[in-house]
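Me: Please take a close look at one part of this structure: the way its helices pack. Keep it brisk.

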Amino acid sequence: MRTLKARYPFVSMFEGRNALIWLFAALAASLVIGYGSATLGHENKSQIAILAMLLFPAFMLALLDSRKLIPYILLVWVVCPEIRRFEDWVEGTYHSVSLLSIAPLLTSAVLIIPVLSKIHQLESTLYRMLIYFSIALLYGSLIGLTKNGMGTFYDLANYLIPMLLIPYAALSNYESKDLDRLLVAFSNTAILIAVYGIIQYVMVPPWDAFWMNHVEMTSIGHPYPLEIRVFSFLNSPGPAGMYMGTALAPMILEKRWRGPLGWLGVILVTVGLLITLVRSAWVMLFIDIAIYTAVSAGKQKWKLIAQLTAVIAAMYFIIPKLPGAQGLLARLDTMTAIQDDHSYNERLDFFHTVFPMLFAKPQGLGLGSIGVGTKLSNDGALGEYGIFDNGFVAIFLTFGIIGGLLFFWGLWLVIKYLISQRKQSGGLTPYTRLALSALEGSIVCLVFENGYTGLKGFLLWLVVGIGIMAHRKSTQERRPRTDAAASQFKNNPL
């Protein structure tokens, strides 16, 4: 029988001096929660209670290094914004800044537990890759602290915590069936988002309407049936569209990744993605599928093309029959005449306006200067760069010229690591092809937005992490054969 330490590597974290560190950390957390519960108002107490209920299962799953940890974290990312809206509706008070907004990040942060127990096993290649990202984040944090206050820490968490999936993947021993289950869990949450999105589209729930009437966001339509731009459980159409678009690629590409509903699930997610009206998600989806197809074997390419053709044909017949189809078709028409689209032209003008700032401020503005984190230093309202529609500019404006180059060099090292499997094992696995297509697609989609933070970053690094797991597994399987061949040659030289 395996020893307790062999079965659960985290046990070694609670030995000797580490035990005291964890004991003091647990005591400090208990004191903070207790003090907060005793001194904060009623609304904050309820938020803390919900936060604790979400965190506890993740903490236990992390301690056990359970295969259910990632699916649970995905579920928290999906449902937490809706829980926040429902709680605001029940209280009759809209909170522009809520403790529940950090619940997905805190839940994802428990990944550090299994990572710390095995960090000494990390490959040197991946270690160097993480060093480049770490230097860029450290630099952005130092600049941000001098200008952006608490927003720096929030922005840092949005970059750093999703990246924990890289060492987690590199240190996990997932079998192929475990990777398939992980992708099926991803597909199932996307189906859940799609189904609720369809309900939201035809019958706007009162808590969603309450939120729409208070939030400062003009791009989500009106809180009436068929006039809403669907955001489902998430906090805006963009993340909802990106989630479904990211999940739809593996659902279309491989039968075993579609989940129990099969093609019905694909159709539901396709419809859900359509009614979000997020074109960048469609661009990302087609790029992902194109790259995956390009690096596949000859026979499989024709199969993938046939599957994609079937999806397009289904959309051709389904879209005109949907409620509010006229608005959907008008939105799709802009993809073929994008030069006449108001949103596209605004992005272009924005790029031309902001791009000179990169040279005027080559040191960058630091973390916390762009995105939702600006609320923390602006009395709950978005700052000057709270809404940012170009990911390339956002990264260089945040990290400066040097920090931005380091960040992109880290991305290149990830791609290089995944591609190396082609030479090492004679070809790329489906998981590695999926990871490559997602990562390269994310770089192209920087034209629209920064996809390396928050939920979008978590989804990207999840898919990339699956590719890293498959790469590591194939390397481990190949090494015994190589060692055996070397031993045989030593005993029987030519």
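Reply: What follows goes through two helix pairs and then a single helix.

The model is predicted. Two packed helices are described by the angle between their axes and the distance between the axes. Take H7, residues 124-147, and H8, residues 151-163. Their axes come within 9 Å. They cross at roughly 170 degrees. An angle over 145 degrees counts as roughly antiparallel, so that is how H7 and H8 lie to each other. H7 brings Phe133, Leu137, Ser141, Gly144 and Leu145 to the contact. H8 answers with Thr152, Phe153, Leu156, Tyr159, Leu160 and Met163. Of the residues in this contact, 8 are nonpolar and 3 polar, with no charged ones.

Now H10, residues 176-202, and H13, residues 263-274. The axes of H10 and H13 come within 8 Å and cross at roughly 55 degrees. H10 and H13 are therefore oblique to each other. The crossing of H10 past H13 is left-handed. On H10 the contact residues are Ala190, Ile191, Ala194, Val195 and Ile198. On H13 they are Gly265, Leu268, Val269, Val271 and Gly272. The split here is 8 nonpolar, 2 polar and no charged. An α-helix has 3.6 residues a turn, so residues three or four places apart point the same way.

Last, H12, residues 237-253. At 1.5 Å a residue, its 17 residues should span 24 Å. The end C-alpha atoms of H12 are 24 Å apart, which agrees. Is H12 mostly enclosed or open? Of its 17 residues, 16 are buried, so H12 is largely enclosed by the rest of the structure.

Note on methods. Residues are numbered from 1 along each chain as its sequence is written. This is a predicted model: local features need pLDDT of at least 70, side-chain atom pairs count only at pLDDT 80 or more; totals for chains, interfaces and linings use all residues. Side-chain values use heavy atoms; hydrogens and water are left out. Axes are lines fitted to C-alpha atoms, for helices over the stretch in contact, and angles run from 0 to 180 degrees between N-to-C directions. Helices (H or I, at least four residues) and strands (E, at least two) are DSSP runs, numbered from the N terminus. Angles under 35 degrees count as roughly parallel, over 145 as roughly antiparallel, 65 to 115 as roughly perpendicular and the rest as oblique. Contact means heavy atoms within 4.5 Å. Ala, Val, Leu, Ile, Met, Phe, Trp, Tyr, Cys and Pro count as nonpolar, Asp, Glu, Lys and Arg as charged, and the others, Gly among them, as polar. A crossing is left-handed if the near helix is turned anticlockwise from the far one by less than a right angle, and right-handed if clockwise. The expected span of a helix is 1.5 Å times one less than its number of residues. Buried means under 20% relative accessible area, exposed over 50%, partly exposed in between (1.4 Å probe, protein chains only).
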